[in-house]
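Please open the model in your viewer and keep the selection tool at hand. The stops below concern charged pairs first and a stretch of surface afterwards.

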Amino acid sequence: MMPITKLQKSLTQTVRNISENKETVFILKNNAMEAVMIPFEKYEYLSTLENIFERMEISETVKNRMKNYDASKSVSWDSIREE
């Protein structure tokens, strides 16, 4: 954990340490958690997880909608374009 005032004074060194040691830095402002700095590899990993969870959520939505799908109520794309 690092107070934001200390981070302001040592930003370059802090970023270097994060990159070299692969450690996360929690930034405090007025003794409250304000932000987090993480190594880029962790960011990429978390971004990948976020994409996976988003795709799982979309997949679940599609599955739920397909349960009630009625092909007889479908409208062709051509009929929509003609309107």
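A residue is called buried when its relative accessible area is under 20% and exposed when it is over 50%, with partly exposed in between. By that scale, Lys22 counts as partly exposed because its relative accessibility is 40%. Bear in mind throughout that this is a predicted model.

With Lys22 still selected, add Glu41: the two side chains meet in a salt bridge, at 3.6 Å from N to O. This pair links distant parts of the chain, since Lys22 lies in the loop between helix 2 (11–21) and strand 2, whereas Glu41 belongs to helix 3 (residues 40–67), 19 residues apart. Glu41, at 44% relative accessibility, is likewise classed as partly exposed.

The structure holds two salt bridges, and for the other you should select Asp78 and Arg81, whose side chains meet at 3.6 Å, again N to O. Here the partners sit in helix 4 (residues 77–82), and because they are three residues apart, about one helical turn separates them. Colour the pair by accessibility and compare the classes: Asp78, at 47%, counts as partly exposed, while Arg81, at 58%, counts as exposed.

For the last stop, turn to the surface and select Met1, Phe26, Met33 and Val36, which together make a nonpolar patch of about 430 Å². Within that selection, centre the view on Phe26, a residue of strand 2 (residues 25–29). Is Phe26 partly exposed or exposed? Its relative accessibility of 35% means that Phe26 counts as partly exposed.

Definitions and conventions. Residues numbered from 1 in each chain as written. Predicted model: local features only at pLDDT ≥ 70, side-chain atom pairs only at ≥ 80, totals over all residues. Heavy atoms only, no water. Patch = residues over 30% accessible without salt bridge, like charges linked within 9 Å, V, L, I, M, F, W, Y side chains within 5 Å. Areas by Shrake-Rupley, 256 points an atom, 1.4 Å probe, with all protein chains shown as cover. Salt bridge = Lys/Arg side-chain N within 4 Å of Asp/Glu carboxyl O. Helix = DSSP H or I, 4+ residues; strand = E, 2+ residues; numbered from the N terminus. Buried < 20%, exposed > 50% of the residue type's maximum accessible area, 1.4 Å probe, protein only.
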